[in-house]
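Hello,

Here is the structure I promised to pass on to you. Have a look at it first, and then read on for what turned up.

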2 protein chains.
Amino acid sequence: MSPSIYSSLLQPDLRLMIEENDGPGMEEFCRALYPGVVAEVLEEMPVEETWTVLRHCPAAQQAEIFQFLPLPYQMDLVQNIDRKTLSKLIEEMAPDDRVDLLERMDPDAVENLLPLIAQAERSDIRKLLSYEEHSAGSIMTTEYASLPADITVADALQRLRVQAPSRETIYYIYITDSGRHLIGFMSLRKLIQARPTARLEDIMERDVISVRVDDDQEFVANEIARYDFIAIPIVDSQNRLVGIVTHDDAADVMQEEATEDAHLHGAVLPLEDSYLITPFLTLFWKRGVWLVILLGAASLTAQVLNWLGPGQDRNWMVLFIPLVLASGGNAGSQSATLVIRAMALDETRGKVRQIAWREFRLGALMGLILAILALAVAMALVDFDRSTVVAATVFCVVALGTVAGSMLPLGLDRLGMDPALMSNPLIAAISDITGVVIYYNAARLVLGAVS
Amino acid sequence: MSPSIYSSLLQPDLRLMIEENDGPGMEEFCRALYPGVVAEVLEEMPVEETWTVLRHCPAAQQAEIFQFLPLPYQMDLVQNIDRKTLSKLIEEMAPDDRVDLLERMDPDAVENLLPLIAQAERSDIRKLLSYEEHSAGSIMTTEYASLPADITVADALQRLRVQAPSRETIYYIYITDSGRHLIGFMSLRKLIQARPTARLEDIMERDVISVRVDDDQEFVANEIARYDFIAIPIVDSQNRLVGIVTHDDAADVMQEEATEDAHLHGAVLPLEDSYLITPFLTLFWKRGVWLVILLGAASLTAQVLNWLGPGQDRNWMVLFIPLVLASGGNAGSQSATLVIRAMALDETRGKVRQIAWREFRLGALMGLILAILALAVAMALVDFDRSTVVAATVFCVVALGTVAGSMLPLGLDRLGMDPALMSNPLIAAISDITGVVIYYNAARLVLGAVS
């Protein structure tokens, strides 16, 4: 998060309050401003000062503000709080946010902390902590608004007023039977428009769109985006309501997945935190690993060149090696980029043949045009026969690169792997080896062997 | 949008209704299901059949369902509707969705259509059409809930009941004075918890976070995500409320921008529609242009090689050209990917020096390690002196590539251009030319000139 205008305007005031130890001022600061704005000002300050400020406001407010701080900052902050205050704070946090924090904390510290947390909250935490990472369960909150079907609209509104303070949202209300099975849905908008004496079961929507607790978080986010929902209900295998995922958490998941795909696609192991707060060594490791793997692939290309090349007077060939290899790699990057992004947006399912046929035609057409241009480029430096070798190679690598670039991510997906692993550099590396083989064989075919 | 389970389950039923011309059945189908689900079933069918179904339901319902259809499908569909029915449909659509559609339609057709649309809607359309593309104004809706400050909570709820059917959301309520200046904010959650006799001015939040109508859509989406809002108010230069942008439109903007960045980064001009529905020739053009530009860059590399190479017995050098060039390109891709993504998430502002220093150290460290590995690889094929040339070159290209890959996007941004234009293939092309120059000069320095 970058410092916004708020932060720079408000920080001096807050600093003054801290210096003067102005408790009521700090409390007012936390109460009057939107929690997200307060968090933005605080995250620019050292954790000790942040705690000095937060100490002056009630636990509920503390939790509100705390939730808007970035996770690594939260982690720093909890080191500076005594266990008792921390357990209070964690009790007040939204279930999904606190699980995010606890998952990152040292397991021993968490075990030390849990006994201090109220029983009901504790079992909720244990439950949420048990869901698999990246599942709907791991991002959901258990603080949803739910009502039985057999009450009137007036009763429903009365009950919602009571539920409101502790629920993540009361704008979507889920109707459950006595076994907690999800049987209906009602928006608050519809509810306040309805006749006060109407019964929920007569006006609720029965066709409720829900997702399963073990569905992938990306699927959940896509469903929320598809239907423009504020929240989506999460059910277990018996259609019992166990939680909701709200639109803001879905947006976070989307950003996270887009970032992860972008990183993978640039041949970086995905970072958990934002670029600037990722420690130097982590960054080094997550990039270095890939660079070494790719160097391994490139050294294969050197071996192939060594094997194809010796004893041949093909000094001229070196001129076009970068051009030939780049053309194939670029064509492959393009189609891989398009296909991987389309897969992330869930647009490719069942369309593999259509994609292959499309990329095949495109590859042939683009290959043809690039080959003609390459012929012209080569003619400026070498004779016609040799230029033909270059042009033919360009045609092959572009056509092949285009098709392979689109099919390899789909293949990875079928193997159950993340298609984004097929990064641009990896495609370039594969294309380099093939390109060299094609180039030398084209030369042999057109020019004959030179002994 | 891929066909979901709903679509495949429901389509046979609907087909039967169409065949039997079962009007009430089709109306029931449109009414009972969530509009997004109906749209999903319809978009898999030919437009004529879709219209056969929609004809049976009231205009408001038609518009609801219509809005969930993908834009290109909407465009096809409007060709099949007579002007009168179309104008009705457009009147019923949400202001932001209809402007999206009208912007894509033939301007003459729009001019023909406008006289048939009610006066109030017409001026609203003209206004929204006038905002610049990618501005907050272009994605906002004018259907927000607003109330004066001097009424009671009970009055407010009564007025909201009246406003509810025509507003995009009533969960966030904006308080304006007689000049439409935005003076306060109230959520429906707070409102239904408040004492019925309380006055809004006493309980509303006065610190309202808003954005300007000419702010960039990406900024608006980031603000909504930052504060977890359901909607954000849009004001003009005099702080008058002119519209709202809702969370679902913000999520669309984020997806759109992430897709655009991914495409640019893979050296594809951004597609307006999803990959599979983009016409073949558009796809050909948006990829071909870049491939040709990159071929131009690669032919420069050939020229440089031609200029550096002649008369030299450096047959061995060809072996490591792909390795040397790939190492530089990969290192550059990595840092460009990380920096461009961090910029999209608004994390880099004011941090240019910090980033440069970080990448400099990382580049040096990764360069050193890759150089050692490259030395080992080269020793297997050539003698020690020559291997030293390879290793030294790898160090330089990796270190340079890392720093340049991070700085070039920041430079583009400073020039007011989209940093994502610094695509992986472009960085690879720049790195190829530099790499060749470094490689040959390293050879000359270490081995001496071979005449």
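Let me start with the overall form of chain A, keeping in mind that this is a predicted model. Chain A has a radius of gyration of 30 Å, whereas a compact globule of 451 residues would come out near 22 Å. You can set that beside the extent of its C-alpha trace, which spans about 90 × 60 × 40 Å along the principal axes.

As for what chain A is built from, there are 21 helices and 6 strands. Of the contacts in chain A with a separation of 6 or more, 69% are between residues 24 or more positions apart. Buried residues account for 56% of the 451 in the chain.

Now to the surface and the charges. Chain A has an accessible surface of about 18,600 Å², and carbon and sulfur atoms hold 56% of that. The chain carries 35 positive and 61 negative charges, and the mean positions of these two sets lie 7 Å apart.

Next, the partner chain. How many residues of chain B are in contact with chain A? The count is 113, and they meet 114 residues of chain A. The size of an interface is often given as the accessible area lost when the parts come together. Here, chain A and chain B bury about 11,000 Å² between them, with 64% of it on carbon and sulfur atoms. Within the area that chain B buries against chain A, Arg189(B), Tyr275(B) and Leu276(B) supply 7%, more than any other three residues.

Enjoy exploring it!

Best wishes

Technical notes:
Residues are numbered from 1 along each chain as its sequence is written. Chains are lettered from A and ligands numbered from 1 in the order in which they are written. This is a predicted model: local features need pLDDT of at least 70, side-chain atom pairs count only at pLDDT 80 or more; totals for chains, interfaces and linings use all residues. Side-chain values use heavy atoms; hydrogens and water are left out. Helices (H or I, at least four residues) and strands (E, at least two) are DSSP runs, numbered from the N terminus. The radius of gyration is taken over C-alpha atoms; the globule rule is 2.2 Å times the number of residues to the power 0.38. Buried means under 20% relative accessible area, exposed over 50%, partly exposed in between (1.4 Å probe, protein chains only). Contact means heavy atoms within 4.5 Å. Accessible areas come from the Shrake-Rupley method with a 1.4 Å probe; for residues, only the protein chains shown count as cover. Lys and Arg count as positive and Asp and Glu as negative; His and the chain ends are not counted. The place of a charge is taken as NZ of Lys, CZ of Arg, CG of Asp or CD of Glu. Buried area is the accessible area (1.4 Å probe) that two parts lose on being put together, summed over both.
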